[in-house]
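Trainee: Please pick one part of this model and take me through it up close. I'd like the local picture first, and then how it sits in the rest of the chain.

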Amino acid sequence: MIHQCYLTPAPTTGGFELMVRNPVLLRNPTTPLVTMRQRQRQFAASVAFNPQGNYDLPLSLSDDDDGGNEGAPLPLPPTPGRFEVVIDTDTIRRLDLSPFQSATSISSKSSSSSSAWATELMERTVGFSITYKRDDPYDNRELSEMPDVRLWFVRLDAMYPWLPVVLDWRAGELARYAAMLVPHQMSFKLGVVFNPEALELFILNKVFVVYSWLLHLGFPEPKARLKATDMARMLGFGIGDELFHLLLDHPVPPSHHPHI
């Protein structure tokens, strides 16, 4: 019997919408059936204005749009009291992660292994304020298109791969974080256009990481599952329970997890 793990578009939230068309089944006889309403060969998403002064194009959402579509709603303001990570051009080009470490008090491995600390991160959330000076004043690329900015986030994600679950989702931080790590193009009509396969793999990777991280910290399985599925839903996907059943049936020892 083939299990079914559905990856389906979730309702639009936080100024981010994933556009998907044409139902397609991705079949693999040895892994769960993954169902997606997809494949237009590209995912289109709008990432709206960030109140901290950083933005990607908040543009229309459809190939068929003639300009009358006002696009996705703006994300909500930053969560009050969130951990604010302030980085600038110098920090980025030195690949210096100390602003993140200082803002979140993650000064040791024991911090990332504390359930109380992780709970505080998820409740207060984490956001980024980026001040980036371009060498060319006529360079109109967005922050998510700048190689050195993306490289800084690549290093951050490599060190703390569970980070997406503690970001300020409602303010659009998760969508922008994905844009830093997932191949995409900027379209004046569609906004951020993700590579579909890359986005799918990114989401599944983060579900695996976040779910195992929370379980390791001692969170109840239902809560770990809920946080992982909510995170995926914020990026436009729903994850079926069958996937988590497989993970529980075939656990990996904590010592084998590089992020724990």
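Mentor: Let's get one term straight: buried means under 20% relative accessible area, exposed means over 50%, and partly exposed is in between, using a 1.4 Å probe and protein chains only. Bear in mind that this is a predicted model, where local features need a pLDDT of at least 70 and side-chain atom pairs count only at 80 or more, while totals for chains, interfaces and linings use all residues. Residues are numbered from 1 along each chain as its sequence is written, and side-chain values use heavy atoms, with hydrogens and water left out.

Let's zoom in on Ser115. Ser115 has a relative accessible area of 33%, so it counts as partly exposed. It lies in helix α4, which covers residues 115–124; helices here are DSSP runs of H or I with at least four residues, strands are E runs of at least two, and both are numbered from the N terminus. Leaving aside residues up to four places away in sequence, Ser115 touches Leu217 and Phe219, where contact means heavy atoms within 4.5 Å. Trp213 is 98 residues from Ser115 in sequence, yet their C-alpha atoms are 9.9 Å apart in space.

Now look before α4. Ser105 sits in the loop between α2 and α3 (109–112), and its phi is near 60 degrees, a positive value in a residue other than glycine. Ser105 is partly exposed too, at 45% relative accessible area. Leu95, in the loop between α1 (89–93) and α2 (98–104), also has a positive phi, near 55 degrees. At 26% relative accessibility, Leu95 is partly exposed.

Stepping back to the whole chain, there are 9 helices and 8 strands. Buried residues make up 52% of the 260 residues. The long reach from Ser115 has plenty of company: among contacts between residues at least 6 apart in sequence, 71% join residues at least 24 apart.

How far can you trust all this? The chain averages a pLDDT of 75, with 66% of residues scoring at least 70; pLDDT is the predictor's confidence in each residue, from 0 to 100. Over residues 1–69, though, pLDDT stays under 50, and the model has 205 contacts beyond four places in sequence for that stretch. Where pLDDT is low, the predicted coordinates should not be read in detail.
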